[in-house]
Amino acid sequence: MIIKDSHIPIYYQLEMEIKEIIKELKPGDPISSEREFSEKYGISRMTVRQAINNLVAEGVLVRQRGKGTFVAAQKVEQELSGLTSFSEDMHSRGLTPKTKILDFKTIPCPRGIASKLKIEEGDQVYEVSRLRIADDIPMALETSYLPTLLIKELQEETLHGSIYEYVEQTLHQKISHATQTIESTLSHKNESASLGIKEGAPVLLMERFSYLANGTPFEYVKSIYRGDRYKFIIDMKRS
Ligand code: 16G
């Protein structure tokens with residue numbers, strides 16, 4: 001229902017209304033046209049367009065030129081409080097994780113990363129670039145740096161699965177904590193091609209340094225997550 005004399009803008013009320021309507025629909029289902037919404041609620045098409053534009057920007061709807069507007073795939077909601085791996089995150093949502101290895105080599109560690117990993121500049125690290133996929137949808141691009149002396153004998157086969165599982169189950173090391181930053185940015189050309197999004201689409205850039213229980217840093221990861229597929233949740237306590 002739209003209340004015209006409310007102080008809540010009509011486009012915003014319509015956004016809420018559409019969010020309710022699409023709860024009954026599936027991803028990929030079409031929504032009503034601008035004209036239909038405008039007639040149903042007795043509001044201008046401009047207002048309808050504004051509401052739909054906002055929902056497209058929010059990643060709730062997707063517009064396909066010449067075809068119409070459709071319900072977008074639901075975003076993955078991820079808690080930021082626990083230290084989890086991509087594989088665990090996807091499994092816990094009933095999604096099947098897959099990984100495409102884009103690059104895997106051993107390189108001398110670049111200076112900025114070496115100091116954080118507490119190794120010497122030039123010490124060997126694995127540089128792994130992986131496309132992380134859930135139920136066949138590309139979700140994130142990750143480039144990881146792992147000291148070869150610590151994460152021994154990393155094989156391509158392992159990288160198709162979980163690095164955290166390898167560290168814990170095979171190397172018998174305990175992963176304890178990490179420091180992570182999150183920034184919004186726009187995707188570059190090659191990133192967007194791998195992620196299947198438009199060049200310049202919003203993405204989240206996350207950088208993580210992770211540590212073993214003995215305090216030794218074991219990975220630096222730069223991840224690019226799709227802004228239209230991810231939503232992060234943080235529980236906050238007032239102290
Ligand atoms: C997550 C982590 C990444 C970690 C990876 C391990 C973020 C932003 N990044 O994607 O730092 O290396 O999980 O996943 O959450 P894996 O054990 O499945 O290889």
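In the predicted model, the largest nonpolar core comprises 16 residues, of which Tyr126, Tyr145, Leu146 and Ile151 touch the most other members. Two or more residues are contributed to this core by each of β5 (124-134), β6 (137-147), α7 (163-170) and β9 (217-226). The contacts of leucine 146, excluding neighbours within four places in sequence, are Val125, Tyr126, Ile151, Leu154, Phe218 and Glu219. A second core, separate from the largest one, contains 11 residues, including Phe86, Met90, Ile133 and Ala140.

The chain as a whole contains 8 helices and 10 strands. Its division places residues 10-71 in domain 1 and residues 76-233 in domain 2, and the centres of domain 1 and domain 2, taken over C-alpha atoms, are separated by 35 Å. Along the principal axes, the C-alpha atoms of the chain fill a box of roughly 70 × 45 × 30 Å. Of the 239 residues in the chain, 22% are buried. Among contacts between residues at least 6 apart in sequence, 58% join residues at least 24 apart.

The UniProt record, an unreviewed entry, lists residues 8-74 as "domain: HTH gntR-type". Over residues 8-74, helix accounts for 51% of the chain and strand for 12%, with the end C-alpha atoms 26 Å apart.

Helix α1 covers residues 10-21; at 1.5 Å a residue, its 12 residues should span 16 Å, and the computed separation of its end C-alpha atoms, 16 Å, agrees with this. Leu14, Glu15 and Ile18 are the buried residues of α1. These residues lie on the same side of α1, because the arc that they cover around the axis is only 105 degrees. The cover over the buried residues of α1 includes α2 (34-41) and α3 (45-58).

Helix α3 has 14 residues, and the distance from its first C-alpha to its last is 20 Å, close to the 20 Å expected at 1.5 Å a residue. Within α3, the buried residues are Thr47, Val48, Ala51, Ile52 and Leu55. They too occupy one side of the helix, since they cover an arc of only 130 degrees around the axis of α3. The face of α3 turned away from this buried side carries Met46 and Ala57, which are exposed. Among the elements that cover the buried residues of α3 are α1, α2, β1 (61-64) and β2 (68-71). Just after α3, glycine 59 adopts a positive phi of about 85 degrees.

Isoleucine 31 is located in the loop between α1 and α2. This residue has 19 C-beta neighbours inside 10 Å and therefore counts as partly exposed, given that 20 or more are required for a residue to be classed as buried. With residues up to four places away in sequence left out, isoleucine 31 touches Ile18, Ile22, Leu61, Thr69, Phe70 and Val71. One of these contacts, Ile18, is a buried residue of α1. Serine 6 lies 25 residues from isoleucine 31 in sequence, and the C-alpha atoms of serine 6 and isoleucine 31 are 25 Å apart in space.

Terms used. Residues numbered from 1 in each chain as written. Predicted model: local features only at pLDDT ≥ 70, side-chain atom pairs only at ≥ 80, totals over all residues. Helix = DSSP H or I, 4+ residues; strand = E, 2+ residues; numbered from the N terminus. Expected span 1.5 Å × (residues − 1). Buried ≥ 20, exposed ≤ 12 C-beta atoms within 10 Å, placed from the backbone. Arc of directions from axis to C-beta. Contact = placed C-beta atoms within 7 Å. UniProt positions renumbered as here; feature names shortened; annotations may be inferred. Core = buried A, V, L, I, M, F, W, Y, C linked by C-beta atoms within 7 Å. Domains from an automatic or database assignment.
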